[in-house]
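Please examine the structure shown below together with its sequence. The explanation that accompanies it proceeds from one region to the next.

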Amino acid sequence: MKRPGLRARVTAGFAVGALLVSAAMALLSYQLTERFLLDERERTAKRAVMADARIVRAGLDVDDPEVLPVLRSLDTGANRRALLWHDGDFYSRTVVDNTLTDSLPDSVVTMVGQGKAGVQRVHIGDRPAMVFGIPLGPDTALYEIDYMGELDGNLKVLGLVLTLVAAGTTVAGALLGMYASRRVMRPLATVADAARDIAGGNLAARLDPATEPDLARLATSFNDMVDQLSARMQRDRRFAADVSHELRSPLQTLAAAASVLERRRDQFDPRTASATGLLVEEVQRFQELVTDLLELARSDQPADSAPVDVAAVARQVCRHRGLPTTLVTVEPDTSPIWHVDRRRIEQVLANLIDNAQAHGGGAVAVRLTGHSSVRILEVDDEGPGVSPDDRDTIFDRFVRGRSAGARGDNDGTGLGLALVAQHVTAHAGTVQVLDRPGGGARFRIELPLERP
């Protein structure tokens, strides 16, 4: 099971915290309100029952008392029911309801029997009520049942409101958590963006320690790490450039001597001629390697961009390699004029086409396309393709993966695709290798559309 991200955990934490706090506050508020309303209702009802008891006592304290007129003189309203126990029988204002008499709590009846007033909250059927018992004499007692349907309805509404408030508070807590997590994660997103820029070749990317004081130490350490990395890469490039430059002079002399030997190759015996051919090939390969190393050492320079007819450049590259210019196509609604560094884009095309010729069975298409924000250059070949395991490393220097052997010989310098990646990065673009529909490899370059 995938673990939730930090932002999701922070949001969930805020939501759960808000839910617990709001639920506790809602429960406490409900209990306090319920107790207050019930107590207030009990006090009010008790005063009314005591008043009724005085009326009944006065009505019965005559020579020939009539119970029903006395009970009917009580103002019990719609919520109270009065029962009078007198001389062993129950009386009410109308017909005695046995359901009511049976619902009288034993504890209240017992207290009344002991000459004490009592009250108890009960449920008669599904209706909550209070039962009051007032002793009026040895054989007389007044019981009143006060139904609390209205109060019960108000408490249910209160409970519903508090539940909705708790739910709303939980949602508000979740939204607050999302906002807080976004604020907390923003500095980390800045670090991630800087790391992505550096990985893409932008060694000038840095973090501002003053932007987020809590992350000042992280920003300072990050910048120090990038400084050291940049310095080391600069030293490596300088070393490669210096070595390549120092090798060029003796290599040119060696190439000139090899050229002389090549022109007189027919005069040599077969064994010497074969050795001369190998020498000339290796010297030529050595020259290409030194040239690529020098180009690689200069590749961190900014691109010298200008409007370039990339389709014309691609046709020129094909023509120089004896390939038909019909390989180059421009998709409809795609302009062939791109704002790029002509020298770099020419070398990119040359290296990709050379790679297709050497390792991919030959280039079969060079396509210019794109859409609203991206310009796309694709070079297709009809070789065995590149295995998924090699696609992430094929653009590294001196890398010859399993696919390289499968795609042909290994006579290249091992720097051609690395140069392609460097030049594309200098244009803030990306390069990747895909499967060509129908077989073969497709090298795709995506460059951001220049802004006017």
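The paragraphs below address confidence, then a sheet, a helix with a kink, and a region later in the chain.

The model is predicted. Its chain has a mean pLDDT of 85, and 95% of the residues reach 70 or more. Residues 405-409 call for caution in reading: their pLDDT stays under 50, and the model gives them 17 contacts beyond four places in sequence.

The sheet may be considered next. Five strands, in the order E2-E1-E5-E4-E3, form an open sheet with antiparallel pairing. Strand E2 (89-91) and strand E3 (118-124) are at the edges and have a single partner strand each, so one side of each lacks a neighbour in the sheet. From one strand to the next, the twist averages 25 degrees. Strands of a sheet pair through backbone hydrogen bonds, which may be arranged in a parallel or an antiparallel manner.

The pairings can be followed strand by strand. E3 is joined to strand E4 (residues 127-137) over 7 bridges in the antiparallel sense, and Val122 has Ala129 of E4 as its bridge partner. E4 in turn runs antiparallel to E5, with 8 bridges between them; here Met130 is partnered with Asp146 of E5. The connection from E4 to E5 is a hairpin through 2 residues. E5 also pairs with E1 in the antiparallel sense, over 7 bridges, and His86 stands opposite Thr140 in E5.

How many of the residues of E5 are buried? The count is 8 of the 8, so this strand is largely enclosed by the rest of the structure. In a regular strand, side chains alternate between the two faces of the sheet. Both faces of E5 are covered, with Thr140, Leu142, Glu144 and Asp146 buried on one side and Ala141, Tyr143, Ile145 and Tyr147 buried on the other. Helix H4 (residues 106-113) lies across E3, E4 and strand E5 (140-147), and runs at about 15 degrees to E4.

The loop between strand E1 (80-86) and E2 contains Asp87. Most residues other than glycine have a negative phi. Asp87, however, has a positive phi, near 55 degrees, and is exposed, with a relative accessible area of 52%.

Helix H5 (residues 149-199) permits a check on its length. At 1.5 Å a residue, its 51 residues should span 75 Å, and the separation of 72 Å between its end C-alpha atoms agrees with this. The helix nevertheless has a kink of about 35 degrees at Arg186, shortly before the proline Pro187.

Later in the chain, helix H11 (residues 416-426) has several buried residues, including Leu417, Leu419, Val420 and Val424. The elements that cover its buried residues include helix H7 (270-298), helix H9 (342-359), E11 and strand E12 (441-448). Ala428 follows H11 and is placed in the loop between H11 and E11. Its phi is positive, near 60 degrees, and Ala428 is exposed, with a relative accessible area of 60%.

Strand E11 (residues 430-435) contains Val433. Is Val433 buried or exposed? Its relative accessible area is 4%, so Val433 counts as buried. Beyond four places in sequence, Val433 touches Val386, Arg391, Ile394, Phe395, Ala441, Arg442 and Phe443. The C-alpha atoms of Val433 and Gly416 are separated by 14 Å, the two residues being 17 residues apart along the chain.

How values were computed: Residues numbered from 1 in each chain as written. Predicted model: local features only at pLDDT ≥ 70, side-chain atom pairs only at ≥ 80, totals over all residues. Heavy atoms only, no water. Pairing = 2+ DSSP bridges. Helix = DSSP H or I, 4+ residues; strand = E, 2+ residues; numbered from the N terminus. Axes fitted to C-alpha atoms, helices over the stretch in contact; angles between N-to-C directions. Contact = heavy atoms within 4.5 Å. Buried < 20%, exposed > 50% of the residue type's maximum accessible area, 1.4 Å probe, protein only. Expected span 1.5 Å × (residues − 1). Bend = angle between axes of the 7 residues up to and from the residue. pLDDT = per-residue confidence, 0-100.
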